[in-house]
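Notebook open, coffee poured. I want to go through this one chain by chain and then look at where the chains meet.

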Amino acid sequence: MNTTPEPLLDVRDLRVTFSRRGRRDVAAVDGVSLTVGAGQTVGVVGESGSGKSVTSLAIMGLLPRRGVRVEGQVSFDGRSLLTMTDDQLRQVRGRDIAMVFQDPMTSLNPVIPVGVQVTEVLERHRGMSGREARDEAARLLERVGIPDGRQRLKEYPHQLSGGMRQRALIAIALACQPRLLIADEPTTALDVTIQAQILELLKELVAASGTALILITHDLGVVAGLCDTVNVMYSGRIVESAPRHPLFGSPRHPYTGGLLGSVPRLDAPRAEPLRPIPGSPNDTLPWPNGCAFAPRCANRIDTCTEVTPDLEWTGERGLRCHNPLAPAELSAGAAR
Amino acid sequence: MARFVFRRLALLIPILFGLSLLLFLWVRALPGGPAIALLGERATPEAIERFNRLYGLDRSLWEQYASYMGRVVRLDLGASTRTNRPVLTEFWERFPATIELALAALLIAVAVGIPLGYFAARRFGTWLDNSSVVASLIGVTIPVFFLGFLLKYVFAVRLGWLPSQGRQDARLAVEHPTNFYVLDGIVTGNLNATWDAIAHLILPAIALASIPLAIIVRITRASVLDVLNEDYVRTAEAKGLTKRVISRRHVLRNAMLPVSTTIGLQTGLLLSGAILTETVFALPGIGTYLVRAIDGRDYSAIQGVILIIAVIYVIVNLLVDISYGIIDPRVRVR
Amino acid sequence: MSIQAAEILAETTHVDEEHGGSVRVEAWRRLRRNPAAIAGALLVLLFLLVAAFAPLLAPYGPTDQVALDQIRPGSIPGPSSEHVLGVDNLGRDELSRLLYGARQSLIIGVGSTLIGFFFGCLLGLAAGGLGGWVDGLAMRLVDIMLSIPGLLFAIAVAALVGKTRLGLMIAIAVPAIPIFARLLRGSMLAHREADYVMAAKSVGVRQSRIVFSHIVPNSLSPVLVQGTLLLATAIIDAAALSFLGLGTDDPGVPEWGRMLADSQSYLAAAAHLAFLPCIAIVISALGFTLLGESLREALDPRFRR
């Protein structure tokens, strides 16, 4: 773990439980710990249902109050987020921590102009108003690659394309120069070509401003180009955590290996069959009964269904597995 | 924007034409006829013929329609076959009573309904929410005349707190320059008269407001609940905006859209509900006028009144449509 | 007036694109657990049983003036052991009249809703299925019909068709026709663009078969919901029209609205005579409203709170 300077964000043993009437409680996030240092880019990877989005919502305090229980510790810049009052949280959000969500089509208010949606953050956290705010808003829009920012201020969201809207949302998120940006599947709802552009944009902005970034995605490709550290989540817990190159070069957890292996490669022979991970995210054991991934794991041994594996750290790598993959030969290049 | 308005207006014309034709034919199809209704069953054929000739009822249907439309366009709705006075005049005399009632009811429905619906939504699942839902269900089901009746019985007959009928205490000598009794008191400097008029309005207005109120609560609540679950509200929260800003700019603005569409339809409810309420509380408005006209086969009056009401209804809906276009920019594209 | 209330309530109905057993099974499950649905179903059941078995349940006939001798000018005896709910101004047992009145309300309510449903769906089917100028004409007609507020329309029609039971049913049905028509057409239009229809078309299924086997069954759920809600308002409107003197003239058949109107003159002497039919109206209408509302919630895939 990166502990030498005090981490910007320190999440310890975060647990989020959903209760619904007539159904059993579901632990969407089941003991997650991660840290983000200042200026660092951390990736959180997992399938849908792994709990990655819920983690980010819990950090921001955006989960509904009814039917949801959040436990653990989340410390940002030394302050505990989970114990803050609503007013205090509203000071932090937008100003110190900002978030960009998955679907740009629905994340903007359709009946007010884009400009207002940018200036309202400026008014709220930077005390700007009127002309000053509008000027800054136009500048922000152009900074994220939306041409003719001034004109755009008056337009409505439906007049912008998906890619533009996401850019606008990024502009809004970075408007007050937050120390941390959380991007939850920022490119999933976009066309592939636009995806690349948005990722480039994020990379550039984050580097230029020294903002830390948590990038949440199910797509390993997205993470490979951007993140310093990658956390792989499965069924509410982190199963592997490593810096980028070691993770991609030599994945240890069978799930990570499966994710990497399931990505079709351009240089593979055409007749080679696709290699999905068998089963579905629903085929899981609850963690207390052993390893949740066991039913789908090719490396399964008896211990896996009896003893719950803990997250064990060796240097910068964390691994939650009884029978990990063998470390790959570095000279062999990629994992496969 | 102008094109949007123009297009909506253009749709209006064929509707109004079709409506007037329908009305015209309908009135002519009513069993019996104004002659018999007025002159009685034993009227001689000659008397009937004379009557018909006087009112142009002996000419061909097309001729009648043509001359009718010709007059309507000039805002001449003919004369009541019962009282021989111009329909338009009789209408204006009685219209303010109905408008006062309808406006009072609308005011109650909106002023109570929207906040109630909003708070019910925000406190989803609490007793406030659940009781609002139940109350609005019952409110829609209770017939207006029953409620009016119940209110009259409890507050006027039994408790004697409020008057049971009419618009004003006959003993107060008041002038009526505007014929809006509440205003008249203010205009003539007689505040007693205004209070009295309001006292007479309370019970019928509450009765009439019950259904619109119930609907507004329902729709506001559903709408606010929908909006609260929208992604853009989540974005607003993530921006750290204050609760007030989020409520005002993001939640309410969007939530009010479906509500405002129903206001147009509410007018219809109010106008027809007024007929029943006026009957229960003996108010001299359009409702009672219409019922009497139908009873007396007063062609001109019936035609005139229904036509005017329908026109008002259509215009109100048009205004609502236009205002929707102002509030929701996406609509203008269509 | 209440017809429009029902329309407004049903305005937020959503068209769901899934079809077939899965939605219906899910809907049934949700319905069973919903207390409002159960309450509504019970009330409706009560109403139906009373209407069906009125002759067996009523202690007296509806027009038997059994207590005529007890009526004095200005005084009507209240409830007693022989007459649990009292008697009316002509000495007829109130309870019996109420029970028999349920039959009237049922017949009128169901009859008018069916008539409105039939013609409305016909119109909507023509508009949605044929499209083109038929659609345009039908919709203009619908617009015109909708430009007259509901109760007003019913009054107008009632004045035209005369004071018979059938007339009353027609009067209530006519304002409902445009509502059904627009609903069915809108539903059909939404489904017409649906993916599964495109799929069927691309495989070469004939247009008429697409319309009847695919689009119509799926478009029916909002219409069914609306029908249930309109039944409730039909009961109320029947009473309203009778109250205004436009209902059946036949004294042999008690009708709740008529009973209410008649009782107006004896308000001081016997207020209960006015309240009892009202309560009957409200309870019956409430039953259908609750049922209709829960049906809508159950069929709406978004309502998973």
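**Entry 1: chain A overall**

What radius of gyration does chain A have, and what would a compact globule of 336 residues have? The model is predicted, so I keep that in mind for everything below. I got 21 Å for chain A, and the globule rule gives a value near 20 Å for 336 residues, so the two agree. The C-alpha trace of chain A spans about 65 × 50 × 45 Å along its principal axes. I then looked up burial: 45% of the 336 residues of chain A count as buried. For contacts in chain A with a separation of 6 or more, 63% come from residues 24 or more positions apart. The element list for chain A holds 10 helices and 12 strands.

**Entry 2: the open sheet in chain A**

Next I traced a sheet. Four strands of chain A make an open sheet, in the order β2-β1-β4-β5, with antiparallel pairing. Which strands stand at the edges? They are β2 (26–36) and β5 (79–80) of chain A; each has a single partner strand, so one side of each has no neighbour in the sheet. I checked the pairing of β2(A) with β1 (residues 9–18) of chain A: the two run antiparallel and are joined by eight bridges. As a register marker I noted L14(A), whose bridge partner in β2(A) is V32(A).

**Entry 3: strand β3 of chain A**

I moved on to β3 (residues 41–45) of chain A. Is β3(A) mostly covered or mostly open? Covered: five of its five residues are buried. I reminded myself that side chains in a regular strand alternate between the two faces of the sheet. For β3(A), T41(A), G43(A) and V45(A) sit on one side, V42(A) and V44(A) on the other, and both faces are covered.

Then I looked up the partners. β3(A) pairs in the parallel sense with β8 (residues 212–217) of chain A over five bridges, and V44(A) stands opposite I216(A) there. β3(A) also runs parallel to β9 (residues 229–234) of chain A, with four bridges between them. In that pairing V42(A) stands opposite T229(A).

**Entry 4: chain B overall**

Chain B next. I found 13 helices and zero strands. The C-alpha trace of chain B spans about 85 × 55 × 40 Å along its principal axes. Of its 334 residues, 40% count as buried. Among contacts in chain B between residues at least 6 apart in sequence, 71% join residues at least 24 apart.

**Entry 5: helix α9 of chain B**

I went for α9 (residues 191–228) of chain B and compared its end-to-end distance with a straight helix. How far apart are its end C-alpha atoms? They are only 45 Å apart, short of the 56 Å that a straight helix of 38 residues would reach at 1.5 Å a residue. Looking along α9(B), I found a kink of about 45° at S210(B), shortly before the proline P212(B). I also checked covering: 27 of the 38 residues of α9(B) are buried.

**Entry 6: who touches whom**

Which chains share the most contacts? Chains B and C do, out of the two pairs of chains in contact. I looked for a contact between chain A and chain C and found none; their closest C-alpha atoms lie 10 Å apart.

For B against C, 41 residues of chain B are in contact with 37 residues of chain C. Several helices of chain B each supply at least two residues to that side, including α1 (2–29), α9 and α13 (299–327). The largest share, 10 residues, comes from α11(B). By class I noted 33 nonpolar, seven polar and one charged residues on the side of chain B that touches chain C.

For B against A, the contact takes 21 residues from chain B and 26 from chain A. On the chain B side, α10 (231–238) and α11 are the elements giving two or more residues. α10(B) has the largest share there, six residues. How do the residues of that side divide by class? I noted six nonpolar, six polar and nine charged on the side of chain B that touches chain A.

Notes
Residues numbered from 1 in each chain as written. Chains lettered and ligands numbered in written order. Predicted model: local features only at pLDDT ≥ 70, side-chain atom pairs only at ≥ 80, totals over all residues. Expected span 1.5 Å × (residues − 1). Bend = angle between axes of the 7 residues up to and from the residue. Buried ≥ 20, exposed ≤ 12 C-beta atoms within 10 Å, placed from the backbone. Contact = placed C-beta atoms within 7 Å. Nonpolar A, V, L, I, M, F, W, Y, C, P; charged D, E, K, R; others polar. Pairing = 2+ DSSP bridges. Rg over C-alpha atoms; globule rule 2.2 N^0.38 Å.
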